[in-house]
Amino acid sequence: MSEIPLLEEKPLTNPEALNELKKVIDRLQAQGAPIPLLLTRTYDYLKRFSKIPYERVGEVKEFLRSKDLREESIIMIVNMCPKTVDELRPLLELEDKTLETSVAEEILNFMSQYCVEKTGK
């Protein structure tokens with residue numbers, strides 16, 4: 001199997017990765033090519049564990065950036081959708097500062113408007 005050249009590397013949230021993977025699968029299907037099992041399993045995983053609709057991720061990331069959070073922390077928050085300050089704090093380990101409880105609660109309140117609970121498979 002030949003290697004595909006790396007065009008760009010950037011961290012993605014689960015919904016963003018799901019969107020990109022969907023494009024790849026659609027392209028393969030349009031070409032009549034088989035979909036590799038790894039792609040199918042990854043797609044299923046991302047579909048199951050993406051907690052924010054792709055269309056809303058940009059808004060969420062902009063809000064979190066306004067709180068001066070690192071991109072890595074933002075991605076973890078989007079992927080995990082914490083509900084409590086205790087769930088949020090470990091996701092902020094990469095930050096150079098400690099977030100005030102009032103800011104943490106503001107983030108949680110904001111996130112609660114965007115996070116979608118998935119049930120079952």
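The largest nonpolar core of this predicted model comprises 21 residues, and those that touch the most other members are I52, V60, L64, L69, I77, I107 and M111. Two or more residues of this core come from each of helix 3 (54–65), helix 4 (71–80), helix 5 (85–88) and helix 6 (101–112). Helix 6 is the main contributor, giving five residues to this core.

The surroundings of L69 illustrate how this core is connected. With neighbours within four places in sequence set aside, L69 is in contact with L64, I74, I77, L92, E95, L99 and I107. Of these partners, L64, I77 and I107 are themselves listed with L69 among the core members that touch the most others. The list of contacts also includes a glutamate, E95. Apart from this core there is a second, separate one, which has six residues, among them I25, L39, Y43 and L46.

These cores belong to a protein that contains six helices and zero strands. Read from the N terminus on, the order of elements is therefore simply α-α-α-α-α-α, with helices defined as DSSP runs. The C-alpha trace spans about 55 × 35 × 20 Å along its principal axes. Of the 121 residues in the protein, 32% are buried. Contacts that are long in sequence are well represented: when residues at least 6 apart in sequence are considered, 60% of their contacts join residues at least 24 apart.

One covalent link also joins separate parts of the chain. The structure holds one disulfide, formed by C81 and C115, whose sulfur atoms are 2.2 Å apart. The link of C81 and C115 is left-handed, with -90° about the S-S bond. Because C81 lies in the loop between helix 4 and helix 5, while C115 lies in the segment after helix 6, the pair ties together parts that are 34 residues apart in sequence. The two cysteines fall into separate accessibility classes. C81 has a relative accessible area of 3% and is therefore buried, the cut-off being under 20%. C115, at 22% relative accessibility, counts as partly exposed.

Helix 3, one of the contributors to the largest core, also carries E59. Because its relative accessibility is 37%, E59 counts as partly exposed. Not counting residues up to four places away in sequence, E59 touches F110 and Y114. The position of E59 may also be set against that of V24: the two are 35 residues apart in sequence, and their C-alpha atoms are 25 Å apart in space.

V24 leads to the largest pocket, where V24 is one of the lining residues closest to the centre, together with L6, E8, L12 and E20. This pocket holds about 680 Å³ of space and is lined by 15 residues in total. Helix 1 (residues 14–30) gives the most to the lining, with five residues. By residue class, the lining divides into ten nonpolar and five charged residues, with no polar ones. Both charged and nonpolar side chains thus occur in the lining, since glutamate counts as charged and leucine and valine as nonpolar; E8 and E20 are among the residues closest to the pocket centre, as are L6 and L12.

Key:
Residues numbered from 1 in each chain as written. Predicted model: local features only at pLDDT ≥ 70, side-chain atom pairs only at ≥ 80, totals over all residues. Heavy atoms only, no water. 1 Å grid on protein atoms, 1.4 Å probe; cavity = no way out; pocket = protein on both sides within 12 Å on 5 of 7 lines; lining within 4 Å. Points joined across faces, edges and corners; volume = space filled by probe spheres on them. Helix = DSSP H or I, 4+ residues; strand = E, 2+ residues; numbered from the N terminus. Core = buried A, V, L, I, M, F, W, Y, C linked by side-chain atoms within 4.5 Å. Buried < 20%, exposed > 50% of the residue type's maximum accessible area, 1.4 Å probe, protein only. Contact = heavy atoms within 4.5 Å. Disulfide = S-S within 2.5 Å.
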